[in-house]
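Here are some exercises to work through with the model open beside you. Try each task before you read its solution.

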Amino acid sequence: MLAGVEWGDKWMDKPVKVSYIVIRKKFCPNIEAAYDVGFAGFSERGGAMRWVLFSDLDGSLLNHDDYSFAEACPALEKIKRFGIPLILTTSKTRREVEAILAEMDLLEPFIVENGAALFFPARYRGWDLAGGVRFQSYVVFKLGVSYAEVRAFVKRTASRFGVKGFGDWSVEEIVEITGLPPEKVRLAKEREFTEPFLPGDEKEMEELRRLALKEGITITRGGMFHHFIGSGQDKGKAVKVAQGLFRRNWGDGVRFIGIGDSANDIPMLERVDVPVLIPHLDGSFERVDLPNLIRASSPGSRGWNEAVWGILNDVERFRD
Ligand SMILES: [Mg+2]
């Protein structure tokens with residue numbers, strides 16, 4: 001049992017089958033081809049206890065330097081085996097997330113561009129997704145403003161502070177800054193809501209934030225970039241919308257885990273039952289103090305794996 005986390009036999013006493021998932025071996029070679037998916041635990045009233053995992057990508061599930069999730073494969077395997085939805089909750093774009101979900105062979109809801117929108121696969125588990133808007137193969141819940149509005153602010157105001165964003169840089173320039181391969185940068189440039197930029201000095205950023213707020217835009221801090229985002233959005237607000245849909249369709253017994261490493265993850269961590277903080281590359285942690293907070297022991301996918309593995313082992317102890 002993890003210290004400070006109130007799981008116990010009052011919640012979980014016997015296994016329940018939840019779904020059947022087929023997993024390809026492409027990216028996680030040790031994953032077996034298929035699982036008769038296990039259990040999700042039981043609530044104190046004896047009803048099914050289901051878990052949902054919200055996770056940041058850069059610096060959390062993906063490493064800072066090589067953007068790999070290979071070291072998280074054992075825990076990814078486990079969450080698939082348990083049938084736990086993994087909701088990627090990231091500053092990345094829809095197109096980038098779609099590519100990563102394909103690599104992981106997952107078809108799950110996801111949150112893009114720092115909580116600007118929540119995308120559910122339209123026929124996800126046959127659920128009631130009323131309140132969302134149909135877009136391509138998704139039902140979308142939008143919290144942010146349009147990319148055109150954010151770009152207009154960058155051109156009109158932020159450029160006076162010498163601030164440039166993704167819309168000002170070429171693919172080659174972003175490759176240089178991020179170390180991402182050009183094909184991934186092209187997906188990152190297909191923005192729908194928000195604009196990543198490199199910050200100037202602290203004082204200027206405060207002035208810029210003040211001007212932005214007048215136009216319904218604010219600034220959030222990620223790992224490498226700051227981001228201009230709609231002032232009505234953050235990862236926590238999008239997580240709240242997702243939690244409402246999970247509760248609507250799965251009942252109040254559902255429990256939430258959240259994993260992140262940066263300031264923009266804090267609103268997400270504040271909303272979950274089990275928050276997990278991944279350290280920065282230098283081993284330091286973002287300053288946050290929450291009940292039940294678990295601090296992972298390593299940065300990136302290694303820390304993600306250890307933390308999720310530990311949590312799920314605690315859940316698993318109650319299956320037999
Ligand atoms: Mg991050």
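A residue is buried if 20 or more other C-beta atoms lie within 10 Å of its own, exposed if 12 or fewer, and partly exposed in between, with C-beta atoms placed from the backbone. Helices (H or I, at least four residues) and strands (E, at least two) are DSSP runs, numbered from the N terminus. This is a predicted model, in which local features need pLDDT of at least 70, side-chain atom pairs count only at pLDDT 80 or more, and totals for chains, interfaces and linings use all residues. Residues are numbered from 1 along each chain as its sequence is written.

**Exercise 1. Confidence**

Task: find the stretches where pLDDT (the predictor's confidence in each residue, from 0 to 100) is under 50.

Solution. Start with the average: the protein has a mean pLDDT of 85, and 83% of the residues score at least 70. Next, look at residues 1–25, where the pLDDT is below 50; the model gives this stretch 55 contacts beyond near neighbours in sequence. Two residues are in contact here if their C-beta atoms, placed from the backbone, lie within 7 Å. Then take residues 31–47, where pLDDT also stays under 50 and the model has 58 contacts beyond four places in sequence. Keep a caution in mind: where pLDDT is low, the predicted coordinates should not be read in detail.

**Exercise 2. The nine-stranded sheet**

Task: work out the strand order of the open sheet of nine strands, and say which strands stand at its edges.

Solution. Use the pairing rule that two strands pair if DSSP finds at least two bridges between them. Following the pairs gives the order β7-β8-β6-β5-β4-β3-β12-β13-β14, with mixed pairing. At the edges are β7 (133–135) and β14 (294–295); each has a single partner strand, so one side of each is left without a neighbour in the sheet.

Now place a helix on the sheet. Helix α2 (residues 94–104) lies across β4, β5 (110–112) and β6 (117–121), and runs at about 145° to β5. For such angles, axes are lines fitted to C-alpha atoms, for helices over the stretch in contact, and angles run from 0 to 180 degrees between N-to-C directions.

**Exercise 3. Strand β3 and its partners**

Task: for β3, decide which residues lie on each side, and which residues are the bridge partners of L53.

Solution. First, sort the side chains: W51, L53 and S55 are on one side of β3, V52 and F54 are on the other, and all are buried. Five of the five residues of β3 are buried, so the strand is largely enclosed by the rest of the structure.

Second, follow the pairing. Strand β3 (residues 51–55) pairs with β4 (residues 86–89) in the parallel sense over three bridges, and five bridges join β3 to β12 (residues 255–260), also running parallel. L53 has L86 as its bridge partner in β4 and I257 in β12. S55 is partnered by L88 in β4.

Third, check β4 itself: L86 and L88 on one side and I87 and T89 on the other are all buried.

**Exercise 4. The largest nonpolar core**

Task: name the residues that touch the most other members of the largest nonpolar core, and say where this core lies.

Solution. A nonpolar core is a set of buried Ala, Val, Leu, Ile, Met, Phe, Trp, Tyr and Cys residues joined through C-beta atoms within 7 Å. The largest one has 71 residues, and L53, I79, I87, I257, V276 and W304 touch the most other members. Helix α9 (residues 300–316) gives the largest share, six residues. Domain 1 (20–115 + 234–316) and domain 2 (147–230), with bounds from an automatic or database domain assignment, both give residues to this core, so it lies between them.

Finish with L53: leaving out residues up to four places away in sequence, L53 touches I79, I84, P85, L86, I87 and I257. I79 is one of the buried residues of helix α1 (residues 73–82).
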